[in-house]
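Please work through the exercises below with the sequence and the model side by side. Each one sets a task and then solves it step by step.

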Amino acid sequence: QVQLVESGGGLVQAGGSLRLSCAAAGRIRSINHMGWYRQAPGKQRELVAAITNGDLPNHTDYADSAKGRFTVSRDNAKNTMYLQMNSLKPEDTAVYYCAAGRSYGLWDWWGQGTQVTVSS
């Protein structure tokens, strides 16, 4: 089993930045890849960014809405994944979830979510 705990959400003005963290615990070696999803009120959950979990070089993927503004990264020594979000927009307001999976494309474990609110 893997446990994921997010932190770093909050309220920020448009144009500002936030960095989310996701700390993983448990059977870390089971993790093949990790990612960030978000869900805004009344909308479906969407994948924002993903990163493979292995030795360098890492492979990353981004939603079109995140490209150029968000950066996903990992610190293997701390078993932690990050999402650096810059140039935030009100439409980025959502609950952000950390996820991890054993096989690429599948997500087996989820965090509890952290709220990000961007004011205009």
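Strands and helices are DSSP runs numbered from the N terminus, a strand being a run of E of at least two residues and a helix a run of H or I of at least four. The model is a predicted one, in which local features need pLDDT of at least 70 and side-chain atom pairs count only at pLDDT 80 or more, while totals for chains, interfaces and linings use all residues. Residues are numbered from 1 along each chain as its sequence is written, and side-chain values use heavy atoms, with hydrogens and water left out.

**Exercise 1. Find the loops that hold Asn 79 and Ser 87, and state what is notable about the phi of each.**

Step 1. Asn 79 lies in the loop between β7 and β8, whereas Ser 87 is placed in the loop between β8 and β9.

Step 2. Most residues other than glycine have a negative phi. Asn 79, however, has a positive phi near 50 degrees, and Ser 87 also takes a positive value near 50 degrees.

Step 3. For accessibility, buried means under 20% relative accessible area, exposed means over 50%, and partly exposed lies in between, with a 1.4 Å probe and protein chains only. Asn 79 is therefore partly exposed at 32%, and Ser 87 is likewise partly exposed at 41%.

**Exercise 2. Trace how β5 pairs with β4 and with β6.**

Step 1. Two strands pair if DSSP finds at least two bridges between them. Strand β4 (residues 33-39) and strand β5 (residues 46-52) run antiparallel and are joined by 6 bridges, and one of the partnerships sets His 33 against Thr 52 of β5.

Step 2. The hairpin of these two strands has 6 residues between them, and in it Gly 42 takes a positive phi near 75 degrees.

Step 3. On to β6 (residues 60-62), which pairs with β5 in the antiparallel sense over 3 bridges; here the bridge partner of Ala 50 is Asp 61 in β6.

**Exercise 3. Locate Tyr 37 among the aromatic residues, and then look at the charged end of Arg 45.**

Step 1. Rings of Phe, Tyr and Trp (its six-membered ring) pair if their centres lie within 6.5 Å, and planes under 30 degrees apart count as stacked, over 60 as edge-to-face and the rest as tilted. The structure holds 2 aromatic pairs. Tyr 37 and Trp 107 form an edge-to-face pair, with 5.5 Å from centre to centre and 90 degrees between the planes.

Step 2. This pair links distant parts of the chain, since Tyr 37 is in β4 and Trp 107 is in the loop between β9 (94-101) and β10 (109-110), 70 residues apart.

Step 3. Tyr 37 is buried, with a relative accessible area of 13%, and it forms one aromatic cluster with Trp 107 and Trp 110.

Step 4. A charge sits over a ring if NZ of Lys or CZ of Arg is within 6 Å of the ring centre and within 35 degrees of the ring normal. The charged end of Arg 45 sits over the ring of Tyr 97, 3.9 Å from its centre, and also over the ring of Trp 110, 4.8 Å from its centre.

**Exercise 4. Follow the salt bridges that involve Asp 92.**

Step 1. A salt bridge is a side-chain nitrogen of Lys or Arg within 4 Å of a carboxyl oxygen of Asp or Glu, and a search of the whole structure finds 5 of them.

Step 2. Asp 92 forms a salt bridge with Arg 38, the closest N and O atoms being 2.9 Å apart. Asp 92 lies in the loop between β8 and β9 and Arg 38 in β4, so the pair ties together parts that are 54 residues apart in sequence.

Step 3. Arg 69 also forms a salt bridge with Asp 92, at 2.7 Å between the closest N and O atoms. Arg 69 is in the loop between β6 and β7, and this pair links parts of the chain 23 residues apart.

Step 4. Arg 69 counts as buried at 10% relative accessibility, and Asp 92 is buried at 1%. Through shared partners, salt bridges join Arg 38, Glu 46, Arg 69 and Asp 92 into one network.
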